[in-house]
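Welcome, and please load the model in your viewer with the sequence panel alongside. We will move from one selection to the next and look at what turns up at each stop.

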Amino acid sequence: MADTVFDVVVLGGGPAGYTCGIRAAQYGLKVALVDANDRLGGTCLLWGCIPTKAMLFSAELWDHLKHAERYGIDGVSAPKLNWKNLLARKDAVIAQHVKGLDFLMKKNKITTFKGFGKLTGPAKDGVHTIEVKLADGKTDTVKAKKVVLATGSDARVLPGYKPDDTILTNYEILKIADAPKSLIVIGSGAVGVEFASIFKSFGAEVTVLEVLPRVVPVEDEDVSKELLRQFKKRGIDVNLSIKDTKIEKTKSGVTVSWTDSSGKPQTKQAEKVLMAVGRAPRTEGIGLEATNIKPERNFVMTNEWMETTEPGVYAIGDIVGGMPQLAHTGMMAGMVVAARIAGKYAKPIHRGRIPGCTYTEPQIGSVGLTEAQAKEKGYNVKVGKFPFVGNSKATILDAHDGFVKVVSDAKYGEILGVHIIGPYATEIIAEAVTAIQLEATVEEMMFTIHAHPTVAESLSDAFASVEGKAINV
């Protein structure tokens with residue numbers, strides 16, 4: 001391939017990278033994709049979003065089976081968890097979509113390289129050269145007019161510890177041989193609370209440790225309070241404002257010690273411990289030092305069009321500083337970059353219009369400003385809140401805890417943020433994203449017809465509640 005000059009070469013085969021490659025090919029560009037894994041899909045498909053949600057679906061079914069007789073289904077009073085089959089189904093879901101990505105590469109005539117890609121310096125005569133260390137140890141080069149960095153991220157670990165079969169990250173926990181009877185989760189972001197929810201459903205004793213004063217700290221404070229209430233209701237032991245966490249391996253698992261919010265030392269034993277303390281950008285060794293790109297805390301900084309400080313080089317996905325490390329953020333960034341390179345219409349990503357989804361039980365979906373953020377920005381804030389207890393479909397689902405909260409500007413009725421905790425929150429947040437994207441007002445959404453009975457119609461009542469006019473509460 002040394003004589004071939006591609007229009008675009010994408011480094012990384014995760015959601016950001018493969019989306020960028022496919023969209024660029026759809027625009028008629030000649031595309032190469034370089035990925036160091038043996039399979040395409042990146043963290044999201046192989047070790048993140050997709051396998052965890054497959055496990056969460058199994059956990060949801062398991063929870064329903066516990067109450068089968070209530071739903072008029074007899075004969076399942078003593079279900080038995082088959083962990084081996086659960087993992088097999090999770091792996092089958094992954095395999096199906098890996099196969100789908102391979103098909104899409106062929107369909108869109110994208111040339112793929114299985115190897116580790118590295119920038120070799122600035123473009124020469126308008127052409128960049130990427131050095132690729134192939135899986136067999138040989139080296140190849142890829143030449144392209146534009147380069148897109150989409151190398152993703154790795155799980156952070158606490159200083160002084162290395163993951164193994166007892167001290168886990170999101171990678172190791174997806175392949176443990178048996179479901180643990182006890183689990184300590186360090187960190188209460190999306191990864192931490194999702195795994196806490198999964199293993200609590202399967203009967204484990206679960207403890208959550210968080211250094212900040214609330215769980216899911218990026219969410220609206222009311223959502224954090226509600227998740228804490230529901231986790232406690234489920235019997236999950238949540239410890240906030242902790243510090244000085246230490247892990248000691250034992251014959252039976254681990255002993256974790258910490259200092260609680262009142263300054264008292266605490267210890268707890270468990271079979272496994274999960275470190276869910278964030279993700280680090282995977283930028284080491286990709287040749288940034290040979291360019292004008294100066295990473296900040298290992299993140300690559302870009303402008304609104306995802307352009308780096310090196311001409312012709314873009315960055316998307318988890319490596320971009322200031323952007324949430326979410327698959328859908330990277331995917332949209334990939335589509336924006338592809339359009340820009342192809343000279344097609346594009347809009348830059350608006351940070352306030354990126355939805356966040358957490359697939360716990362209960363689910364969380366949010367977009368835009370929290371109530372506190374809106375007040376900090378000087379808005380005259382008007383809030384509406386509708387509880388799912390007033391939604392008939394939520395009652396049918398036996399999921400009537402939680403609420404929809406709307407944060408708006410009192411002067412113009414502009415929707416500033418929507419925060420949901422409850423059934424299908426990760427699905428129905430899409431309406432709120434659309435409303436904010438199209439700059440809809442509370443009044444416009446009050447007169448938008450929602451089908452009945454649906455969980456989604458709780459949004460209609462939530463928007464109306466801003467004006468004190470919710471029907472079902």
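Which residue in β21 is the bridge partner of glutamine 363? Select glutamine 363 and look across to β21: the partner is glycine 422. Keep in mind throughout that this is a predicted model.

**Stop 1: the sheet around β18**

Now widen the selection to both strands, residues 363-368 for β18 and residues 415-422 for β21. The two run antiparallel and are joined by 6 bridges. Further along this pair, valine 367 faces valine 418 of β21.

On to β17, residues 356-358. This strand connects to β18 by a hairpin of 4 residues, and 3 bridges hold the antiparallel pair together. To see the two strands side by side, pick cysteine 357, which sits opposite glycine 365 in β18.

Zoom out to take in the whole sheet. It is open, has 5 strands with antiparallel pairing, and reads β17-β18-β21-β20-β19 in order. At its edges are β17 and β19 (381-387), each of which pairs on one side only. On average, neighbouring strands here are turned by 10° against each other, direction ignored. As a reminder of what to display, strands of a sheet pair through backbone hydrogen bonds.

Is β18 largely enclosed or open to the outside? Colour by accessibility and you will find that 5 of its 6 residues are buried, so β18 is largely enclosed by the rest of the structure.

**Stop 2: the second largest pocket**

Next, select Glu60, Asp63, His64, Glu361 and Ala399 together. Of the 33 residues that line the second largest pocket, these lie nearest its centre. The space in this pocket comes to about 1,200 Å³.

Which helix gives the most to this lining? Highlight α3 (49-65): this helix supplies 7 residues. Then add α6 (190-201), α7 (221-234) and α11 (425-437), which, like α3, each bring at least two residues to the lining. If you colour the lining by class, expect 11 nonpolar, 10 polar and 12 charged residues.

**Stop 3: a small enclosed space**

How many cavities of 30 Å³ or more does a search of the whole structure find? There is 1, and the volume of the largest cavity is about 40 Å³. To frame it, select Met306, Ile316, Gly317, Val320, Met323, Pro324, Leu326, Thr329, Gly330 and Ala333, which make up the lining. By class, this set holds 7 nonpolar and 3 polar residues, with no charged ones.

**Stop 4: two buried helix residues**

Go to threonine 43, in helix α2 (residues 42-47). Its relative accessible area is 19%, so with the cut-off for buried set at under 20%, threonine 43 counts as buried. Show its contacts beyond four places in sequence: Gly48, Cys49, Ser153, Asn170, Arg279 and Arg282.

For the final selection, take glutamate 172 in helix α5 (residues 170-173). Why does glutamate 172 count as buried? The reason is its relative accessibility of 16%, which is under the 20% cut-off. Leaving aside residues up to four places away in sequence, glutamate 172 touches Pro163 and Asp164. To finish, draw a distance between the C-alpha atoms of glutamate 172 and tryptophan 47: they are 125 residues apart along the chain, and the separation is 8.8 Å.

Terms used: Residues are numbered from 1 along each chain as its sequence is written. This is a predicted model: local features need pLDDT of at least 70, side-chain atom pairs count only at pLDDT 80 or more; totals for chains, interfaces and linings use all residues. Side-chain values use heavy atoms; hydrogens and water are left out. Two strands pair if DSSP finds at least two bridges between them. Axes are lines fitted to C-alpha atoms, for helices over the stretch in contact, and angles run from 0 to 180 degrees between N-to-C directions. On a 1 Å grid over the protein atoms alone, a cavity is a set of points where a 1.4 Å probe fits but cannot get out, and a pocket is an open set with protein on both sides within 12 Å along at least five of seven lines; lining residues have an atom within 4 Å of a point. Grid points are joined across faces, edges and corners, and a volume is the space filled by probe spheres set on the points. Ala, Val, Leu, Ile, Met, Phe, Trp, Tyr, Cys and Pro count as nonpolar, Asp, Glu, Lys and Arg as charged, and the others, Gly among them, as polar. Buried means under 20% relative accessible area, exposed over 50%, partly exposed in between (1.4 Å probe, protein chains only). Contact means heavy atoms within 4.5 Å.
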